[in-house]
Amino acid sequence: MELDKLNEKQKQAVITTDGALLILAGAGSGKTRVITNKIAYLIEEKNVNPYNILAITFTNKAAKEMQSRVEDLIGIDSKRVWISTFHAFCTRILRYEASHILYENNFTIYDTQDKQVLIKNCMDILGYDKETLNIASVASEISRAKDSMVSVDDYEAEATSDYRNSKIARVYRLYQEELKKNNAMDFDDLIYNCIRLFKLHKEVLGKYQDKFEYIMVDEYQDTNYSQYLLIKMLSQKHKNICVVGDDDQSIYGWRGADIRNILEFEKDFENVIQIKLEQNYRSTSNIINAAGTVIKNNEGRKDKKIWTSSDNGDKITIYEATSENDESLYVAQNIRKLTEQGYKYSDFAVLYRANALSRKYEEAFMKYKIPYKIFGGLKFYDRMEIKDILAYLRLIDNKNDDVSLKRIINVPKRGIGAKTVEKLEQYAREHSISMLDSIEYISQIIGAGKAQESIKKFAVMIGALKAFAKILPVSELLEKVISSTNYENSLIEEKTPESQSRLENINELKSVIQEFERTSEDKSLSDFLQNATLSTDMDEDDKKSNYATLMTIHSAKGLEFPVVFIVAAEENIFPSSRSVLDESKLEEERRLCYVAITRAKEKLFITRAKSRLLYGKTNCNLSSRFISEIDKDLVINEKKEYYVDEDSKQAYSLHQKYIEKYKIMNEHKKDEPQDIKIGTKVSHKTFGKGMIVGKTGGKYSIVFDKVGVKTIDTSVVKLEILS
Ligand code: ATP
Ligand code: MG
């Protein structure tokens with residue numbers, strides 16, 4: 001225990017164990033630290049059985065970190081505390097209780113990609129094409145329904161009058177039926193079904209209510225409705241619930257997180273005690289003040305005091321680069337410089353708004369030989385070869401998983417064509433059996449021929465692998481899968497650089513499985529597959545390694561680094577173009593900026609480029625409004641040092657061209673913007689006729705008849721008013 005290492009408020013938060021407790025506090029004030037210490041305190045001082053404690057975190061990485069922190073504090077007992085994400089928690093419960101909701105407990109978890117495949121499949125069956133309904137938007141609509149606990153029946157009832165929604169309702173119904181048939185759940189189902197289970201079976205709920213005497217939730221501001229409901233249900237008996245969060249860091253509104261969960265906690269639970277933490281232990285005072293001057297531009301937030309006893313520290317460096325090349329070289333050069341002064345690579349993080357921005361910094365890091373690791377982008381488990389191998393393993397584990405079967409029945413190629421697979425699927429559907437089981441009747445389905453032989457062989461192979469699965473550990477089963485499917489050999493024969501990297505990934509999978517067997521309590525195949533599907537690249541535990549981190553701001557939540565670079569701080573990128581005309585989205589972007597700034601402990605750099613090549617187009621974006629919101633006294637604007645290497649020279653000359661363009665734009669800028677009412681019909685010299693639908697300052701968003709929505713700055717281009 002380290003109660004004496006906490007300040008008074010934190011101590012109070014730790015020892016207030018009974019009842020509902022809300023800790024609403026700014027970044028870096030020790031919220032997460034309070035949860036960790038509270039777990040230790042409950043076990044050591046209050047003699048609570050670790051088995052009766054539940055702690056929910058936002059990412060697997062955070063869960064692992066918390067587990068190891070608690071282990072440092074109290075030792076081996078920590079293993080018995082349930083510390084996990086919402087998804088992992090619900091999966092664990094559903095594995096025990098699946099039969100109550102008529103699932104088998106080896107159910108497969110479908111990731112986003114599997115989900116889309118199955119939705120497309122359902123749309124095919126219903127005869128809806130991609131033009132009628134967009135798969136991604138159906139997928140997110142179904143997610144949204146489940147997040148708000150809207151069942152298929154409810155959805156259908158509400159959708160009757162709406163043509164599009166009634167179609168989605170039919171997809172939703174079929175999709176759920178198919179999932180059930182495949183003995184599979186998607187991510188949203190994990191929480192949705194867990195709540196359904198609790199609602200339908202009070203005795204099951206009662207069991208877990210009894211078990212979890214103490215419940216703690218980190219990052220509570222980012223919970224959605226279903227997660228809130230789950231916590232509420234579970235805490236009904238003992239009513240010992242502690243949530244911590246920061247309304248200023250709510251950044252998942254776009255995914256259904258509801259900031260009201262934290263703001264209305266006091267209404268949702270009885271006799272809530274609120275404790276505020278006001279001392280920041282993470283950052284220098286300049287960094288905290290900078291974050292404060294930005295976030296105060298948001299309206300309707302609870303004002304929080306935050307102070308630090310640390311020094312002012314360095315000022316925030318703002319660098320205005322000529323181009324994205326210049327910007328990324330600046331970042332790399334500064335990292336080089338600072339490592340020469342004693343910083344480690346792992347002290348640095350480069351944070352950006354969107355994954356697509358990462359490439360330039362990677363290139364610069366390679367050039368400057370800075371070891372780095374990039375988080376996000378294509379996950380390891382999303383790679384084709386890994387998904388293929390996992391599909392084999394899933395089918396072996398769960399014979400009803402038709403989505404996996406379809407993925408690999410002809411991979412590597414075995415001469416089983418799409419038509420044959422279609423017939424097999426149809427037969428399975430008509431007879432309500434799995435596709436794998438329907439192979440038994442293959443001679444009836446497709447008649448004699450080469451395909452029939454191949455399919456039979458396939459079924460025999462899967463049968464044999466299933467038998468192996470019963471007796472072999474997962475690592476040896478994997479070897480059997482790789483050899484009997486001929487997957488590895490077919491890659492070896494391919495001899496392309498790509499096949500080489502696929503082979504490397506498969507080898508990496510072997511080490512992932514070995515690691516799993518070494519560290520996991522439950523070593524079953526189901527458990528391995530669950531880990532693989534719920535994990536993200538963020539989860540790897542690599543405290544020992546020394547590399548710079550590249551990640552989106554979203555994934556940096558809860559983390560901290562001595563030196564942070566916030567890059568591409570430009571209008572239309574950060575804040576994103578989708579948010580600049582929508583006040584509530586803009587506020588979420590500003591919270592994102594607050595999260596980004598508060599990750600830094602000692603040094604903060606914010607960079608932007610005057611011209612940037614992104615998504616195949618070169619744009620000249622204005623400096624992010626968030627830069628100008630930072631108090632001028634807190635920043636130094638760094639002048640361009642002319643770099644001597646070729647790349648920077650090129651970047652510089654490219655920039656000269658843009659300066660010209662800017663001059664022209666700026667001359668126009670002297671004009672007064674027009675003042676036009678929303679709803680007015682206007683004409684634009686390039687885009688033609690349209691109607692004004694939104695306005696901020698002199699900028700208008702206009703729906704043009706021919707080209708859709710565009711933003712027009714009337715201080716640069718004049719509009720002709722039609723009516
Ligand atoms: P965020 O809002 O970003 O999640 P947080 O409120 O959860 O931040 P923590 O991550 O718990 O904050 O703490 C921030 C840093 O301050 C950590 O490095 C933590 O170890 C340190 N810290 C917290 N409290 C104290 C304390 N009383 N004494 C010394 N260091 C502390
Ligand atoms: Mg935290």
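Here is a chat between a biologist and a modeller about this predicted model.

Biologist: Let's start with the ligand: how many residues surround ligand 1, and which are the closest?
Modeller: The shell around ligand 1 counts 18 residues. Those that come closest are G30, K31, T32, R33 and Y281.

Biologist: Which helix gives the largest share of that shell around ligand 1?
Modeller: The largest share is 3 residues. They come from the helix that spans residues 31–44, which is α2.

Biologist: And by class, how many residues of the shell around ligand 1 are polar?
Modeller: There are 3 nonpolar residues in the shell and 6 charged ones. The polar residues number 9.

Biologist: Which domains each give at least three residues to the shell around ligand 1?
Modeller: The domain assignment splits the protein into domain 1 (1–94 + 191–276), domain 2 (111–181), domain 3 (305–373 + 538–637), domain 4 (380–532) and domain 5 (678–719). At least three shell residues come from each of domain 1 and domain 3.

Biologist: What distance separates the centres of domain 2 and domain 5?
Modeller: Domain 2 covers 111–181 and domain 5 covers 678–719. Taking the centres over C-alpha atoms, the separation is 35 Å.

Biologist: Now the inside: where does the largest nonpolar core lie?
Modeller: This core has 78 residues, and I23, I39, A55, C194 and I215 touch the most other members. Residues come to it from both domain 1 and domain 2, so its place is between domain 1 (1–94 + 191–276) and domain 2 (111–181).

Biologist: Which residues does C194 touch, leaving out those up to four places away in sequence?
Modeller: C194 is one of the residues that touch the most other members of the largest core. Without the residues up to four places away, its contacts are C90, I93, L94 and L230.

Biologist: How many residues make up the other core, the one with I318 in it?
Modeller: That core lies apart from the largest one. Its members include I318, A349, Y361 and A609, and its count is 58.

Biologist: Why is helix α14 described as largely enclosed by the rest of the structure?
Modeller: Helix α14 runs over residues 285–295, and the buried ones are N286, I287, I288, N289, A290, A291, G292, V294 and I295. Those buried residues pack against β9 (316–323), α27, β14 (600–614) and α28 (625–629). The helix counts as largely enclosed because the buried share is 9 of the 11 residues.

Biologist: On to backbone oddities: which peptide bond is cis with omega near -10°?
Modeller: The proline in that bond, P412, sits in the loop between α18 (402–408) and α19 (418–430). The cis bond goes from V411 to P412.

Biologist: And where is P575 found?
Modeller: The bond from F574 to P575 is also cis, with omega near 5°. As for P575, its place is the loop between β13 (561–566) and α27 (583–597).

Biologist: Is N47 buried or exposed?
Modeller: N47 has a positive phi of about 55° without being a glycine, and its place is the loop between α2 and β2 (53–57). A residue counts as exposed at 12 or fewer other C-beta atoms within 10 Å. N47 has 7, so the label is exposed.

Biologist: What is the phi of L102 near?
Modeller: L102 lies in the loop between α4 (86–97) and β4 (108–110), and with 8 other C-beta atoms within 10 Å it is exposed. Its phi is positive, in a residue other than glycine, and near 60°.

Biologist: How far apart in space are K495 and L133, C-alpha to C-alpha?
Modeller: K495 is in the loop between α24 (487–494) and α25 (497–519), and it counts as exposed with 8 C-beta neighbours inside 10 Å. K495 and L133 are 362 residues apart in sequence, and in space the figure is 40 Å.

Biologist: Which are the edge strands of the open sheet of 5 strands?
Modeller: The strand order is β20-β19-β18-β17-β21, with antiparallel pairing. Edge strands pair on one side only, and here those are β20 (708–713) and β21 (720–721).

Biologist: Last one: which residue in β18 stands opposite K681?
Modeller: Strand β17 joins β18 through a hairpin of 3 residues, and 4 bridges link the two strands in the antiparallel sense. On its β21 side, β17 has 2 bridges, with V682 opposite I721 and S683 partnered by E720. Over in β18, the residue opposite K681 is M691.

Terms used:
Residues numbered from 1 in each chain as written. Chains lettered and ligands numbered in written order. Predicted model: local features only at pLDDT ≥ 70, side-chain atom pairs only at ≥ 80, totals over all residues. Near = placed C-beta within 6 Å. Nonpolar A, V, L, I, M, F, W, Y, C, P; charged D, E, K, R; others polar. Domains from an automatic or database assignment. Core = buried A, V, L, I, M, F, W, Y, C linked by C-beta atoms within 7 Å. Buried ≥ 20, exposed ≤ 12 C-beta atoms within 10 Å, placed from the backbone. Contact = placed C-beta atoms within 7 Å. Pairing = 2+ DSSP bridges.
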